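Subject: Structure handover and notes

Hello,

Here is the structure we talked about. My notes follow below it.

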Amino acid sequence: MTRRAGAETVQIVDAHCHMWDLSLGKHPWLAEGVLHPHRYGDYSAVKRNYLPADYRAATRPWTIAAAVHMEAEWTPDDPLGEARWIADLHAKTGFPAAMAAQVWLDRPEAQDLIAAQAAFPLVRSLRHKPRAFARAADWHEGHALPGSMRCPDFRRGYAGLAAHGLHFELQTPFWHLPDAAELARDFPDTMIVINHAGVPGSRDPAVLAQWRRALSVAAARPNIRIKVSGLGVPGEAWTTEAQREVILTCIETFGAGRAMFASNMPVDGMFRSFPDLIADFMAVTSDLPEADRRAFFAGTAADTYGLDLPGLT
């Protein structure tokens with residue numbers, strides 16, 4: 001169980017965090033002097049090692065029952081290296097409890113890579129960031145954007161996930177969530193987990209209205225779940241109230257049985273300390289039924305990633 005002074009006892013599973021050791025030279029986007037385009041802008045603050053001991057220290061006074069490592073754009077010329085490294089970290093430290101590995105579903109070698117990643121016991125899912133339109137206004141019903149979820153090559157690779165019992169981690173702007181709903185319909189045996197709350201970005205009411213509609217389209221498919229994470233907005237202060245509508249909308253739209261807490265640390269640490277981020281989520285969800293809070297903070301993630309946690313029902 002997880003306790004913070006003055007707070008109720010709640011078990012927490014972190015469904016999405018990142019580990020990296022920059023001395024390995026395996027993360028090109030984190031290399032010194034490199035700054036790739038990123039939705040958060042200048043991410044230089046995260047260019048430091050983030051290992052199990054760093055994670056645990058950052059969470060204090062909270063304790064996380066289990067955490068899931070999300071692939072962190074390990075160099076693509078070593079596609080299995082990250083899974084090997086995470087397996088070694090787990091063997092030495094017991095952390096993380098599971099991981100999502102990388103894949104490129106639109107490449108000819110996709111099926112071989114899926115099978116190879118699935119052979120690692122900690123790998124539960126794979127992530128490929130499909131190509132997307134830069135603006136919501138560019139998306140249209142009949143689009144056939146190469147590299148997107150509607151791309152035949154992407155779908156050919158995606159079809160191989162079910163045979164290995166892996167689910168798909170989807171990071172895409174919210175205007176592509178109708179594409180995800182189509183994918184879920186056409187491949188009902190593969191679970192999709194939407195990353196970062198569908199990336200609402202702006203807190204402008206008109207944008208959030210579009211985002212809510214897109215979430216509803218995705219939530220209509222029972223094999224789609226959502227992680228509530230990645231809520232930072234460049235140039236805007238992170239406050240509890242600024243996150244309230246996004247957090248509660250995700251839970252209300254998908255239900256607590258298909259929505260889960262995730263920290264996106266250390267990246268979201270650019271906006272909020274880990275303890276304060278958890279406190280924000282606790283405060284925003286304080287009026288939810290106890291069963292829903294148990295599901296949102298631990299149960300849904302444990303079910304999604306096959307985690308056997310003592311005391312979790």
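**Buried charges and a covered helix**

Asp280 is buried, with a relative accessible area of 3%. Its side chain meets that of Arg272 in a salt bridge, at 2.8 Å from N to O. Arg272 is partly exposed, at 21% relative accessible area. Please keep in mind that this is a predicted model.

**Salt bridges**

The count for the model comes to 16 salt bridges. In general, side chains of opposite charge can pair when their charged atoms come close.

Arg150 pairs with Glu182 in one of these salt bridges, and their closest N and O atoms are 2.7 Å apart. Arg150 sits in the loop between strand E4 (123-127) and H4, while Glu182 belongs to helix H5, so this pair ties together parts that are 32 residues apart in sequence. Arg150 counts as buried, at 14% relative accessibility.

Another salt bridge links Arg135 and Asp138. There the closest N and O atoms lie 2.8 Å apart. Asp138 is partly exposed, with a relative accessible area of 27%.

Back to Asp280 and Arg272: their salt bridge is the 2.8 Å one described at the top. Shared partners also build a network elsewhere: salt bridges join Arg150, Asp179 and Glu182 into one.

**Helix H5**

Why is helix H5 largely enclosed by the rest of the structure? Seven of its ten residues (177-186) are buried, so the rest of the structure largely encloses H5. The buried residues are Leu177, Pro178, Asp179, Ala180, Ala181, Leu183 and Ala184.

What covers them? The cover includes three strands and two helices by name: strand E5 (167-170), strand E6 (192-194), strand E7 (224-228), helix H4 (152-158) and helix H6 (205-219).

H6 deserves its own look. H5 and H6 pack with their axes 8 Å apart, at an angle of about 5 degrees. That makes the two helices roughly parallel. On the H5 side, the residues in contact are Leu177, Pro178 and Ala181. They meet Ala214, Leu215, Val217 and Ala218 of H6.

**Asp21**

Is Asp21 buried or exposed? Asp21 is buried, yet it has no salt bridge. The nearest side chain of opposite charge is Lys92, and it is 8.8 Å away. A salt bridge needs a nitrogen-to-oxygen separation within 4 Å.

Asp21 lies in the loop between strand E1 (13-17) and helix H1 (52-59). Its side chain does make a polar contact of 2.6 Å with the side chain of Ser23. Leaving out residues up to four places away in sequence, Asp21 touches Asn49, Leu51 and Trp85.

**Asp268**

Asp268 is another buried acid, at 1% relative accessibility. Where is Asp268 placed? It is in the loop between strand E8 (259-261) and helix H8 (274-284).

The side chains of Asp268 and Asn264 share a polar contact of 2.9 Å. With residues up to four places away in sequence left out, Asp268 touches Tyr40, Ser229, Gly230, Leu231, Trp238, Ser263 and Leu277. Glu236 is 32 residues from Asp268 along the chain, and their C-alpha atoms are separated by 13 Å.

**To recap**

Asp280 is buried and bridged to Arg272. Asp21 is buried without a salt bridge. H5 is largely enclosed, and H5 runs roughly parallel to H6.

Best wishes

Terms used:
Residues are numbered from 1 along each chain as its sequence is written. This is a predicted model: local features need pLDDT of at least 70, side-chain atom pairs count only at pLDDT 80 or more; totals for chains, interfaces and linings use all residues. Side-chain values use heavy atoms; hydrogens and water are left out. Helices (H or I, at least four residues) and strands (E, at least two) are DSSP runs, numbered from the N terminus. Buried means under 20% relative accessible area, exposed over 50%, partly exposed in between (1.4 Å probe, protein chains only). Lys and Arg count as positive and Asp and Glu as negative; His and the chain ends are not counted. A polar contact is a pair of N or O atoms within 3.5 Å; within protein, one must be able to donate a hydrogen and the other to accept it, and residues adjacent in sequence count only if both atoms are side-chain atoms. Contact means heavy atoms within 4.5 Å. Axes are lines fitted to C-alpha atoms, for helices over the stretch in contact, and angles run from 0 to 180 degrees between N-to-C directions. Angles under 35 degrees count as roughly parallel, over 145 as roughly antiparallel, 65 to 115 as roughly perpendicular and the rest as oblique.
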